[in-house]
Structures are given as C-alpha cells and as structure tokens.
Amino acid sequence: MIDELRDLGYELNDYSLSDSDFRDLDFDGYSTEDSGMILDVPYVPSDEKIVHSLLDLAEVTNEDTLYDLGCGDGRILVAAALERNAHGVGIDIDPMRINEAIEYAGHTGVEHLVHFAEADLMEVDISAATVVTLYLLDIVNIKLRPRLLDELQPGTRVVSHAFNMGDWKPDQQQRCGSINLYKWIIPAKVAGNWEWQTSKGETYRVELKQKYQEVTGKAWLNGEVAQLKSALLSGDLLELIVQTESARPVSFLMRCELKQLVAAEGNLQATPALKVPKR
Ligand SMILES: C[S@@+](CC[C@H](N)C(=O)[O-])C[C@H]1O[C@@H](n2cnc3c(N)ncnc32)[C@H](O)[C@@H]1O
C-alpha cells in the first residue's frame with residue numbers, strides 16, 4: 001500500500017506511516033487526473049472508532065466550532081454535530097467529497113450545524129475554529145503548522161489522526177488500536193521580558209524563551225537573581241514558579257491577554273505583567 005502511494009507521487013516518511021493507516025484507500029475509485037486537481041493527501045476516510053476517539057481527545061462540546069481540513073465525506077463533523085451539537089466547517093479540494101458531505105449532512109439532519117466548502121486547505125481562513133481536525137500527512141501538517149500557530153486563538157485544540165507535527169511535540173497522544181492520535185493546544189505567545197508587582201510591594205521580572213508550548217527562562221525578585229523553577233504554558237494559561245535562596249517558591253498563574261499577563265488566581269499578583277526592555 002505504501003508503495004502504491006509513492007507511485008502516485010506522495011512523499012511519505014516511513015517512520016510515521018504504516019499500511020494500516022491507509023488500509024481503506026480506494027485507488028480504483030474516483031480519479032482526479034482529468035480535473036487537473038492536485039490532492040496533497042489521498043482520500044482515506046477515518047473509521048468510526050477513530051472519529052469518536054478524535055472527538056473525545058479534543059473534548060468537543062456544543063460550544064465548539066470544528067474545522068476539518070480535508071474533510072472527505074464530512075463524517076467527523078457530522079458525528080460532532082449529531083452527538084455533541086457542535087458546529088462544523090469542512091474544507092475539501094475535491095468537489096465530489098464536498099457533494100458527499102453535503103448529502104450526508106442532509107440525510108442525518110445536521111445541515112443547520114455544518115457548512116462544507118470546496119477550497120484548498122492551505123488557503124482558507126481558519127481563525128474561527130476552536131477545534132481543528134486533521135487526517136493529512138506529516139509533511140502537510142508541518143506545512144500547515146505556522147498558520148495553526150499564528151492564526152488560531154490560544155487554547156484551540158488541534159487533533160490529528162496518525163500524523164504528527166515534526167518537532168512540535170503533542171500535548172497528548174493516545175493509541176486507537178494500532179493508530180496514534182495526537183493533540184496539540186495552541187500556545188499563547190509569551191516570549192520576552194515581563195515585570196509585575198505583588199500586593200507585598202515586591203517586583204518580579206522574568207525573561208522568557210519559547211519553543212511552541214515549551215517555556216524556559218530566568219527570573220529576578222527586586223532586582224536580585226532568583227530561580228525560575230518552572231514555567232508551564234497551556235493555551236493562554238501560564239504558571240510560573242519563582243524561588244529565591246532565602247524563601248519558599250512562589251507560584252503565579254497568569255492568563256495571557258493581548259499585551260499583558262493578568263492574574264488568573266489568588267491576590268498576590270497586584271498588577272498585570274507588562275513587557276519591559278531587556279536589561
Ligand atoms: C485522508 S482524507 C481525510 C478525510 C476526513 N478528514 C476523514 O478523516 O475521514 C484527506 C482528504 O483531504 C483532501 N485534500 C487533499 N489535499 C487537499 C487540499 N490541498 N485542500 C483541501 N483538501 C485536500 C482529500 O480530498 C481527502 O478528502
């Protein structure tokens with residue numbers, strides 16, 4: 001099966017792909033050659049068990065809007081609408097798939113919750129998504145990665161059937177039979193130098209570096225070097241634990257807003273953390 005994909009010109013990374021990932025592939029079915037349409041990924045529908053596991057992994061509720069990029073016959077979005085009352089937007093470059101998806105949504109009576117559009121997934125506006133579902137290839141995920149990180153709101157969940165995102169490690173990973181499912185939470189952008197005051201009149205400053213959701217850095221208390229014991233970022237929530245030699249560790253839970261980090265719990269942090277120049 002993998003060889004057949006290669007013959008069709010798809011670039012594959014052997015380490016991430018197994019025959020079982022593509023066991024439903026129908027090479028004798030619909031041909032896209034005549035239309036001149038170029039698929040980045042062939043059509044292989046997710047099976048029912050995987051659809052449900054993806055929705056569980058993404059913790060989809062009726063408050064979500066799912067975008068399935070390369071939606072095939074729309075089964076992920078129809079399941080999310082039927083079972084969780086979630087809204088969905090399905091994008092596929094293949095008009096035949098879009099027709100199937102519209103028909104399927106009509107049959108199941110969820111057409112008021114889902115919208116399907118024929119478009120290139122690399123070009124559509126995805127900023128309204130709260131959940132993105134992907135069953136693409138890892139090279140396509142990696143090409144999409146900067147747009148996911150820049151255009152989606154912090155906290156948006158991205159789940160992928162079988163394929164990863166290169167050096168962006170998943171926040172969660174689980175097996176469904178022999179297949180890996182991955183989940184990432186879009187991290188807020190927190191790199192830089194931040195300073196805030198506490199209700200005790202202390203001034204904290206941190207210098208944060210960021211690679212995806214991983215944050216490292218340095219800390220100062222009242223101008224004296226302290227230790228940044230941990231920095232955990234999940235979506236728009238940042239927990240910093242700072243320790244000085246003479247005192248116990250102090251923890252700050254902050255919510256990342258446009259240009260400030262505001263206290264998300266407790267009353268120790270008296271002012272929002274604001275960006276300051278590097279010293
Ligand atoms: C592996 S199937 C996944 C279908 C569906 N998401 C599911 O899990 O059942 C990938 C889908 O991506 C579509 N596709 C491939 N390249 C695309 C592109 N550049 N833009 C939009 N859709 C694309 C294909 O037509 C196919 O339906």
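Glutamate 245 sits in the loop that links strand 12 (237–243) to strand 13 (250–256). The model is predicted. Its chain holds 5 helices and 15 strands. Of the 279 residues in the chain, 35% are buried. This briefing starts at that loop, then turns to helices 2 and 3, the nonpolar cores and the ligand shell.

**The loop at glutamate 245**
- Glutamate 245 counts as exposed because it has 8 C-beta neighbours inside 10 Å, and the cut-off for exposed is 12 or fewer.
- Glutamine 227 is 18 residues away from glutamate 245 along the chain. The C-alpha atoms of the two residues are 8.4 Å apart.

**Contacts along the chain**
- Take the contacts between residues at least 6 apart in sequence: 54% of them join residues at least 24 apart.

**Helix 2**
- Helix 2 spans residues 48–57.
- Its buried residues are Ile50, Val51, Ser53, Leu54, Leu55 and Leu57.
- The cover over these buried residues includes helix 3 and four strands: strand 4 (131–134), strand 5 (157–161), strand 6 (172–176) and strand 7 (179–185).
- Glutamate 59 follows helix 2 and has a positive phi, near 55°.

**Helix 3**
- Helix 3 covers residues 75–84. It is mostly covered, with 7 of its 10 residues buried.
- Those buried are Arg75, Ile76, Leu77, Val78, Ala79, Ala80 and Ala81.
- Helix 2 and helix 4 (95–108) are among the elements that cover them. Strand 1 (65–69), strand 2, strand 3 (114–118) and strand 4 also contribute to this cover.
- Asparagine 85 comes just after helix 3 and takes a positive phi of about 60°.

**Packing of helix 2 on helix 3**
- Two packed helices are described by an angle and a distance, both taken between their axes.
- For helix 2 and helix 3, the angle is about 65° and the axes lie 10 Å apart.
- Their crossing is right-handed.
- Helix 2 brings Val51, His52, Leu54 and Leu55 to the contact. Helix 3 brings Arg75, Ile76, Ala79, Ala80 and Arg84.
- By type, the contact residues of this pair split into 6 nonpolar, 1 polar and 2 charged.

**Nonpolar cores**
- The largest nonpolar core contains 49 residues. Leu54, Leu66, Leu77, Ala80, Ala81, Val114 and Val132 have the most contacts inside it.
- Helix 3 gives this core its largest share, 6 residues.
- Leucine 77 touches Leu66, Asp68, Cys71, Gly88, Gly90 and Val114, leaving aside residues up to four places away in sequence.
- Another core lies apart from the largest one and has 21 residues. Trp194, Leu238, Val242 and Ala273 are among them.

**Ligand shell**
- The ligand is surrounded by 23 residues. Ser46, Gly70, Gly72, Ile93 and Tyr135 are the closest.
- The shell divides into 12 nonpolar, 4 polar and 7 charged residues.
- Helix 3 supplies at least two residues of the shell, and so does strand 2 (87–92).

**Helix 3 in brief**
- Helix 3 packs against helix 2 at about 65°, gives the largest core its largest share and supplies at least two residues of the ligand shell.

Technical notes. Residues are numbered from 1 along each chain as its sequence is written. This is a predicted model: local features need pLDDT of at least 70, side-chain atom pairs count only at pLDDT 80 or more; totals for chains, interfaces and linings use all residues. A residue is near a molecule or strand if its C-beta atom, placed from the backbone, lies within 6 Å of it. Ala, Val, Leu, Ile, Met, Phe, Trp, Tyr, Cys and Pro count as nonpolar, Asp, Glu, Lys and Arg as charged, and the others, Gly among them, as polar. A nonpolar core is a set of buried Ala, Val, Leu, Ile, Met, Phe, Trp, Tyr and Cys residues joined through C-beta atoms within 7 Å. A residue is buried if 20 or more other C-beta atoms lie within 10 Å of its own, exposed if 12 or fewer, and partly exposed in between; C-beta atoms are placed from the backbone. Two residues are in contact if their C-beta atoms, placed from the backbone, lie within 7 Å. Axes are lines fitted to C-alpha atoms, for helices over the stretch in contact, and angles run from 0 to 180 degrees between N-to-C directions. A crossing is left-handed if the near helix is turned anticlockwise from the far one by less than a right angle, and right-handed if clockwise.
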